[in-house]
Amino acid sequence: MSVIGSPASRAAALRVHGGIGRSVRDSLVVAKRNLIRMIRIPEVVIFGLIQPIMFVVLFSYVFGGSIAVGGNTDPNAYRQFLMAGIFAQTVTFATAGAGAGIADDMHKGLIDRFRSLPMARGAVLTGRTLADLVQTALTLVVLAIVAVIVGWRIHEGVLKALGGFALLLLLGYAFSWIGALIGLSVRTPEAATSGGLIWLFPLTFISNAFVPADNMPTVLRTIAEWNPFSATVQAARQLFGNLPEGYPVPAAWPMQHPVWASLIWSVLIIVLFRTLAVRKFRSATA
Amino acid sequence: MPGAIYAEGLVKTFGDVRALDGVDLDVPEGTVLGLLGPNGAGKTTAVRVLTTLIKPDSGSASVAGIDVLRKPDEVRRSIGLSGQFAAVDEYLTGRENLRMVGQLYQMSARDAKARAGELLERFDLADAADRIAKTYSGGMRRRLDLAAALVVSPPVMFMDEPTTGLDPRNRQALWEVIQELVAGGTTLLLTTQYLEEADHLAHDICVVDHGRVIARGTSDQLKARTGGERVEVVVRSPEHIAPADAVLRGFGKGTSSVEKHTRRVTVPVSGGAKLLAEVIRELDGRGIEIDDIALRRPTLDDVFISLTGHAAESDAGETAGTAGTAGTAGTTGTTGAAGTTDTTGPAEAEEPGAQQEVSS
């Protein structure tokens, strides 16, 4: 039989999958593809690591002696306080990667190829965000080791600390759906990279990540306290046992219940942006 | 009964541009339809509608008997798409690319693996199978892209400008694959800017311009309308024009035309290269010195000039506008008079990259 002829015999051999099974399987196929790409282009992963490590070192040693948290000016106290903020910033910066990757696929015509295949509609994006999740987790592991080297410690036990990392990863996963939507909405990977980054600066800085929010002007302080990013930072800090003694916990609900706030925010973001991104994907034209 | 690819009244607008302006298509099972037209004519948009990538504003379409708008997912099981820009993942190896596509066609991992091996062998990519596609040449990438479209041997194939940018050797190789495919019973819709390609591969040709089908028929029917091939001679000295004209008229199938200042004589013929050799012998025998002689086949522009009175122009193409004027003058004169204008003029106007496909 000719390799390229006889369409009928082949088409009949096709298995028909439906529903969730197909969704999961297709997402994993695409995730595997994206992970292979990460291994083949290790620069992306390596640069993704260098930046947060620089932040850890710079903030710890440059700002460490000048920032008082809870009235405590000991640089080590700030280092403990800071790490959850750097971790959270690192996971959210992964959004730019998701966006750029998807914009690149659009640009190269791969999205057209995927969209012409009988695969689950959301799988291309889910596969991408899952691969980014794996990359983010690896980054966090390396970053945590660096943090320990510069003196960061957990004080509430391993289980709670793992819970803290889980919340951080969930936040990163949620944000990668925002990145996916940005990637589908812009024309070039370059635009996705810069468009995926600019809004993260106010988001991560108008928060409790690097300095306590209580010295901010009222408007900024309110934003900081309700910022989804702050909720996860606060939750991670609590679970790591990194809140310094005498640190005043703001009265705002998300700051009082940071674990719940973090979970709710992340799930809300996933539901909203996944819906928008998959809808955008269906009508995407390169 | 509608054919394997059927479309009725397709309309698609992008802003002010009517990329498709009421397109009807009917491709019988097992045949090849060539969509012939310049950049921006709407060819790619038509392919994108039929392959479920975009929804038309109005109209209906079916592929392999399945409604494209109502059951897009079922349509996707029955089609293969090979694009203008080779859509393979350049950081995956050839084998990984094909396995991934196979799995996304819902084949089992084992079947996808076996099929990938088969296709790599068939498309001469076995040696490069485990290299990343980034290292492939343009022709290899195009073959890999085509192999990806053939993973499930779909009954209906779409190829959007499959040979654009390929060198002649790779183009020939791709043509052979396409012919083998069609011999196996596949229905194919291919878009092209080259009349020669449509002529070579397609049973039927639709000429599209500004989102409309402006002519349809077999390649012979179209060529009959464009005057077919012609012989063009440039003689060394002006006194040889008249005798050369007499010789050409003896071989010609229509009225000859003479352009004195370029010493060019043109006549429509049929008989191809064999005839050209006879013409040369005859001219030589009569001692007529020639500077140049060529057998000109109708180009896409000739088709357009004869069908529309203008060259294959784009909305933005200013050069195409001037070429169109020359073409109009040509068609109102004797047959083949269009050939007396500089044929490279209109050809330049359809240079790829000078214009943007509407949907890209």
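Which residue in β4(B) is the bridge partner of Y6(B)? In this predicted model, that partner turns out to be S62(B). The pair belongs to a wider match-up in chain B, where strand β1 (residues 5–14) and strand β4 (residues 58–63) run antiparallel and are joined by five bridges. S62(B) has a second neighbour to deal with too, since D67(B) in β5(B) stands opposite it. Strand β5 of chain B covers residues 66–67, and two bridges link it to β4(B), again in the antiparallel sense. Between β4(B) and β5(B), the hairpin leaves two residues, and A64(B) takes a positive phi near 55° there.

Chain B also has a pair of helices worth a look. Helix α3 (residues 94–104) and helix α4 (residues 109–122) of chain B have axes that come within 8 Å and cross at roughly 135°. An angle like that makes α3(B) oblique to α4(B), because it falls outside the ranges for roughly parallel, roughly antiparallel and roughly perpendicular. The crossing of α3(B) past α4(B) is right-handed. On the α3(B) side, the contact is made by G94(B), R95(B), L98(B), R99(B), G102(B) and Q103(B). Facing them from α4(B) are A109(B), D111(B), A112(B), K113(B), R115(B), A116(B), L119(B) and L120(B). Sorted by class, this contact holds six nonpolar, three polar and five charged residues.

Further along chain B comes helix α10 (residues 272–285), with 14 residues. From first C-alpha to last, α10(B) reaches 20 Å, close to the 20 Å expected at 1.5 Å a residue. After α10(B) comes G287(B), with a positive phi near 70°.

Over in chain A, another helix pair stands out. The axes of helix α6 (residues 123–149) and helix α7 (residues 158–185) of chain A come within 9 Å and cross at roughly 140°. Angles over 145° would count as roughly antiparallel, so α6(A) and α7(A) are oblique to each other instead. The crossing of α6(A) past α7(A) is right-handed. From α6(A), the residues in contact include L125(A), R128(A), T129(A), D132(A), L133(A), T136(A), A137(A) and L140(A). Those positions follow a familiar rhythm: an α-helix has 3.6 residues a turn, so residues three or four places apart point the same way. Their partners in α7(A) include F165(A), L168(A), L169(A), G172(A), Y173(A), S176(A), W177(A) and A180(A). By class, the contact between α6(A) and α7(A) is made up of ten nonpolar, four polar and two charged residues.

Note on methods. Residues are numbered from 1 along each chain as its sequence is written. Chains are lettered from A and ligands numbered from 1 in the order in which they are written. This is a predicted model: local features need pLDDT of at least 70, side-chain atom pairs count only at pLDDT 80 or more; totals for chains, interfaces and linings use all residues. Axes are lines fitted to C-alpha atoms, for helices over the stretch in contact, and angles run from 0 to 180 degrees between N-to-C directions. Helices (H or I, at least four residues) and strands (E, at least two) are DSSP runs, numbered from the N terminus. Angles under 35 degrees count as roughly parallel, over 145 as roughly antiparallel, 65 to 115 as roughly perpendicular and the rest as oblique. A crossing is left-handed if the near helix is turned anticlockwise from the far one by less than a right angle, and right-handed if clockwise. Two residues are in contact if their C-beta atoms, placed from the backbone, lie within 7 Å. Ala, Val, Leu, Ile, Met, Phe, Trp, Tyr, Cys and Pro count as nonpolar, Asp, Glu, Lys and Arg as charged, and the others, Gly among them, as polar. Two strands pair if DSSP finds at least two bridges between them. The expected span of a helix is 1.5 Å times one less than its number of residues.
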